Amino acid sequence: MKQRALLCLIIVICFGCANQAHLKLNDVQVIGSHNSYKIGIEKPLLNYIGTIDSSKAKSLEYEHISIKEQLNLGLRHLELDVFYDPKGGRFSNPKGLEIIKQSGVTPMPYDEDNTLEASGFKLFHIQDIDFRSHHLLFKDCLSVMKQWSDQNPTHTPIIILMNTKDKALPQLTKPLPFSVKAYQELDAEIRSVFSKDDLIVPDDVRKDFNNLEEAVLKNGWPKLEDCKGKFLFVLDEKEQKNKLYINGDTTLKNRVFFVNSKEGNPEAAFRIVNNPITDFEYIKQLVAKGYMVRTRADAGTKEARTNDYTKFEKAKASGAQVISTDYYKPSTLFESDFEVKFDDGTYERIKKVTEYND
């Protein structure tokens, strides 16, 4: 008896499959790291933070291996936080070092080469209290990623989410606000390391369409094969900062970043939806329409402390192309077996929806 056509989700783990040429960028699903540059806070400082806010201290108790090691491991998504420092030296003496000294402990070495005196964007999590980073200079991090990519030219495209940090916090060093000029300098710093052939930018997706959203919904994303060896940058901010970055041109012509803009806006293409449990159906709808989505498998160390995989399972099932975690490897800072990877032990896979007759 003839049976109706069924819609089947086919997960192809092997990237050498026969229909590789037909796959698009949004057919990939990758696991990557959250605050990828982060080195753990020293125990005396973490304890001090805990006396002020114990839940905050727990949420900050995570760290990562180096960016290069993460890429070698197979992660294809990174998240970076930058602070604007055009003159240099603004963050050279974090107050947390003095807190550690006051506890009677000698701090770990910090910026012995005085790199923070240089002008340019700085890369760390929270000024003065969560300031250790594998690369204090954003440009140094870019250079490491570029070098690794040149040595691995056929890698699955790496998706970089970025937060531009300028929130003033009580008693901590006041950061400079991000402005139109600051965002233009951020684009320029990325382009000083990566050539146009290294990047997937809005122009590559928009092409001859009026705007990005129209291109994504009608034509889709570029072929995956054409994106190999490249990087895609996403500005993970809200409307106010998006407007500063867009600076009146919603086509994002000649710009580096895609922006986290809600569907219905001409610049909408890539969405950040962090909770795959509460927003499960919403993510599925976005993915089905053609948007790319980043979500999270865990947050604030909570899932790792309870070995709770609910969020990760929902993230996978939602179809979100990018899944962020602090635990691609189990924590070494507290007892936990929590580990986020696909069933075959990898951090990337192809997801493709096709129709077949049973």
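Contact here means heavy atoms within 4.5 Å. The model described below is predicted.

**Helix H5**

Helix H5 runs over residues 138-151, and its 14 residues should span 20 Å at 1.5 Å a residue. The C-alpha atoms at its two ends are 20 Å apart, which agrees with that expectation. Its buried residues are Phe 138, Cys 141, Leu 142, Met 145, Lys 146, Trp 148 and Ser 149. Viewed down the helix axis, these buried residues fall within an arc of 165°, so they line one face of H5. The elements that cover them include two helices, H3 (67-73) and H6 (180-191). Strands E3 (77-83), E4 (122-123), E5 (158-165) and E7 (231-235) are also among the covering elements.

**Pro 175**

Between E5 and H6 there is a loop, and Pro 175 lies in it. Pro 175 counts as buried because its relative accessibility is 5%, and the cut-off for buried is under 20%. Gln 127 is 48 residues away from Pro 175 along the chain, yet their C-alpha atoms are separated by 8.1 Å. Gln 127 is also one of the residues in contact with Pro 175, when neighbours within four places in sequence are left aside. The other contacts on that basis are Phe 83, Arg 90, Phe 91, Lys 165, Asp 166, Lys 167 and Ala 168.

**Salt bridges**

Side chains of opposite charge can pair when their charged atoms come close. The structure holds 24 salt bridges. Three of the pairs are set out here, with the relative accessibility of each residue.

| Pair | N to O distance | Relative accessibility |
|---|---|---|
| Asp 187 and Arg 255 | 2.8 Å | Asp 187 6%, Arg 255 12% |
| Lys 316 and Glu 313 | 3.2 Å | Lys 316 12%, Glu 313 42% |
| Lys 341 and Glu 339 | 3.1 Å | Lys 341 26%, Glu 339 27% |

In the salt bridge between Asp 187 and Arg 255, the closest N and O atoms are 2.8 Å apart. Asp 187 sits in helix H6, while Arg 255 is in the loop between helix H10 (239-246) and strand E8 (257-259), so the pair ties together parts that are 68 residues apart in sequence. Asp 187 is buried, and Arg 255 is buried as well.

The pair Lys 316 and Glu 313 lies within helix H13 (residues 310-318). Because they are three residues apart there, about one helical turn separates them. Lys 316 is buried, whereas Glu 313 is partly exposed.

In the pair formed by Lys 341 and Glu 339, Lys 341 counts as partly exposed and Glu 339 counts as partly exposed. Elsewhere, Lys 43, Glu 61 and Arg 305 are linked in a network of salt bridges.

**Asp 298**

Asp 298 is found in the loop between strand E10 (292-296) and helix H12 (302-306). What is the nearest side chain of opposite charge to Asp 298? That side chain belongs to Arg 296, 5.3 Å away, and Asp 298 is buried yet has no salt bridge. The cut-off for a salt bridge is 4 Å between nitrogen and carboxyl oxygen. Asp 298 does make a polar contact, side chain to side chain, with Thr 325 at 2.5 Å. Not counting residues up to four places away in sequence, Asp 298 touches Thr 325 together with Ser 324, Asp 326 and Tyr 327. On that basis it also touches Glu 303, Lys 311, Phe 338 and Val 340.

Definitions and conventions:
Residues are numbered from 1 along each chain as its sequence is written. This is a predicted model: local features need pLDDT of at least 70, side-chain atom pairs count only at pLDDT 80 or more; totals for chains, interfaces and linings use all residues. Side-chain values use heavy atoms; hydrogens and water are left out. Helices (H or I, at least four residues) and strands (E, at least two) are DSSP runs, numbered from the N terminus. Buried means under 20% relative accessible area, exposed over 50%, partly exposed in between (1.4 Å probe, protein chains only). Lys and Arg count as positive and Asp and Glu as negative; His and the chain ends are not counted. A polar contact is a pair of N or O atoms within 3.5 Å; within protein, one must be able to donate a hydrogen and the other to accept it, and residues adjacent in sequence count only if both atoms are side-chain atoms. The expected span of a helix is 1.5 Å times one less than its number of residues. The arc is that of the directions from the helix axis to the C-beta atoms.
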